[in-house]
Amino acid sequence: MQYQKLGNTSLNVSKLSYGASPLGGVYGDVDQSQATRTVHAALDLGINFIDCSPYYGMTKAETMLGKALKGIPRDQYFLSTKAGRYGPEDFDMSEQRIRKSLDESLERLGVEEVDVFFLHDIEFVDLDIVLHESLPCMEKLKEEGRIRYYGITGYPLKPFREVIRQFQVDCILSYCRYGLHDTSLASLLDYLDENEVGVVNASPACMGLLTSRGAPDWHPAGSDLRKRAQKAVDFCQAQGVDITQIALQFSAQHSGIPTTLVGTANPAFIAQNVEWINEPLSTELVDEVRSILAGPDSVWSSGLPEN
Ligand code: NAD
């Protein structure tokens, strides 16, 4: 496993990191023994960064992750969780709720501090609140030693630029914006670098769209993109390759992205993913799959209308 520093932080994160949202049952039911085996497989194979949120399975993912991490020395992994999103339409980024949320998350996760604390999906909240209440609260939590670093997450790229222009955050978490179907995150990387902001790239399999199982019902992709994804899956299958392999390799190979967060609740998938990212990638195949996936609706809207 390769490791790279996350922006200006002291966190030397693994190239492949572990997204714990599937432990909340977002892709299907998961029991504790499966969750524990998955987390242990990730740590055993050199993955050292784990991401979670109270939103995933409405606290279930954090609870399962906390149980899975029990007994593992705290210096063996970096942990991020989030505050501000508690349901599909339930957002609260007030100082009071962020503080309460952190207390609750630490309790569920069974740790005394998190390495990175994110505001979850800022595009759904008035930017004034984010800039003048939520982020100053994150800074205070850092000064108080309750969190080591903090950042923001979201789907549209514009709010990242706007926040970074006005506030020094340690890192951002972007999802579904650097993968086979869309690479627009690449246009933000120089700006992030100039501003010493680390980048976590999440969802290389586009939240299940780029898997042979296909996207879950709640996935925001429209029907045309889903159809093109199915074509791409079939094309890869005909070439004897799993589309998820190419998706992961493509995202993880970008040298300007220190870590790529992949979610699964299957320990065998963790082992496969770690193997895959070390294998050579055919640029010809990548080009063909990207051309099948390309289309005007490869991105979707998310958050308040101005985003
Ligand atoms: P992903 O793109 O990592 O895809 C997950 C899907 O891929 C699951 O269905 C999983 O079973 C499947 N998969 C993984 N390995 C596989 C393999 N080897 N073979 C076949 N299928 C495989 O999407 P994700 O899990 O949603 O994203 C990763 C993580 O990023 C999340 O768990 C979460 O921690 C983070 N995230 C954060 C935000 C946010 O902050 N707004 C949004 C999305 C994701």
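In the predicted model, the shell around the ligand comprises 13 nonpolar, 12 polar and two charged residues. Of the 27 residues around the ligand, those that come nearest are Gly19, Ser21, Thr153, Ala202 and Gly263. Several secondary-structure elements contribute to this shell: strand E10 (171-175), E12 and H9 each supply at least two of its residues.

Helix H9 spans residues 267-276, and within this helix Ile270, Asn273, Val274 and Trp276 are buried. These residues lie on the same side of H9, because the arc they cover around the axis is only 160 degrees. An α-helix has 3.6 residues a turn, so residues three or four places apart point the same way. Ala268 and Glu275, on the other side of H9, are exposed. The cover over the buried residues of H9 includes strand E3 (16-19), helix H1 (32-44), helix H8 (243-252) and strand E12 (259-263). Strand E12 thus appears both in the cover of H9 and among the elements that supply residues to the ligand shell.

The chain as a whole contains 10 helices and 12 strands. Its radius of gyration is 18 Å, close to the 19 Å that the globule rule gives for 307 residues, so the chain is as compact as a globular protein of that length. Along the principal axes, the C-alpha atoms fill a box of roughly 55 × 45 × 35 Å. Half of the chain is in the interior by the burial criterion, with 50% of the 307 residues counted as buried. Among contacts with a separation of 6 or more, 78% are made by residues 24 or more positions apart. According to UniProt, in an unreviewed entry, residues 15-293 carry the feature "domain: NADP-dependent oxidoreductase". Over residues 15-293 the chain is 42% helix and 17% strand, and 25 Å separates the end C-alpha atoms.

Two residues illustrate opposite environments. Phe118 belongs to strand E8 (residues 114-119) and is buried, because 29 other C-beta atoms lie within 10 Å. Leaving aside residues up to four places away in sequence, Phe118 touches Ser80, Lys82, Tyr150, Gly151, Ile152, Thr153 and Leu173. One of these contacts, Thr153, is also one of the residues that come nearest to the ligand. The C-alpha atom of Phe118 is separated by 6.3 Å from that of Thr81, which is 37 residues apart from Phe118 along the chain. Arg165, in contrast, is found in helix H5 (residues 158-166) and is exposed, because its count of other C-beta atoms within 10 Å is 9. Between the C-alpha atoms of Arg165 and Tyr191, 26 residues apart along the chain, the separation is 9.7 Å.

Positive phi angles occur at two residues that are not glycine. Asp121 has a phi of about 65 degrees and is placed in the loop between E8 and helix H4 (127-143). Asp121 is buried, because 24 other C-beta atoms lie within 10 Å. For Met207, phi is about 50 degrees; this residue is in the loop between strand E11 (198-202) and helix H7 (223-238). Met207 is likewise buried, with 23 other C-beta atoms within 10 Å.

Definitions and conventions:
Residues are numbered from 1 along each chain as its sequence is written. This is a predicted model: local features need pLDDT of at least 70, side-chain atom pairs count only at pLDDT 80 or more; totals for chains, interfaces and linings use all residues. UniProt positions are given in the numbering used here, feature names are shortened, and annotations may be inferred rather than shown by experiment. Helices (H or I, at least four residues) and strands (E, at least two) are DSSP runs, numbered from the N terminus. A residue is buried if 20 or more other C-beta atoms lie within 10 Å of its own, exposed if 12 or fewer, and partly exposed in between; C-beta atoms are placed from the backbone. The arc is that of the directions from the helix axis to the C-beta atoms. Two residues are in contact if their C-beta atoms, placed from the backbone, lie within 7 Å. The radius of gyration is taken over C-alpha atoms; the globule rule is 2.2 Å times the number of residues to the power 0.38. A residue is near a molecule or strand if its C-beta atom, placed from the backbone, lies within 6 Å of it. Ala, Val, Leu, Ile, Met, Phe, Trp, Tyr, Cys and Pro count as nonpolar, Asp, Glu, Lys and Arg as charged, and the others, Gly among them, as polar.
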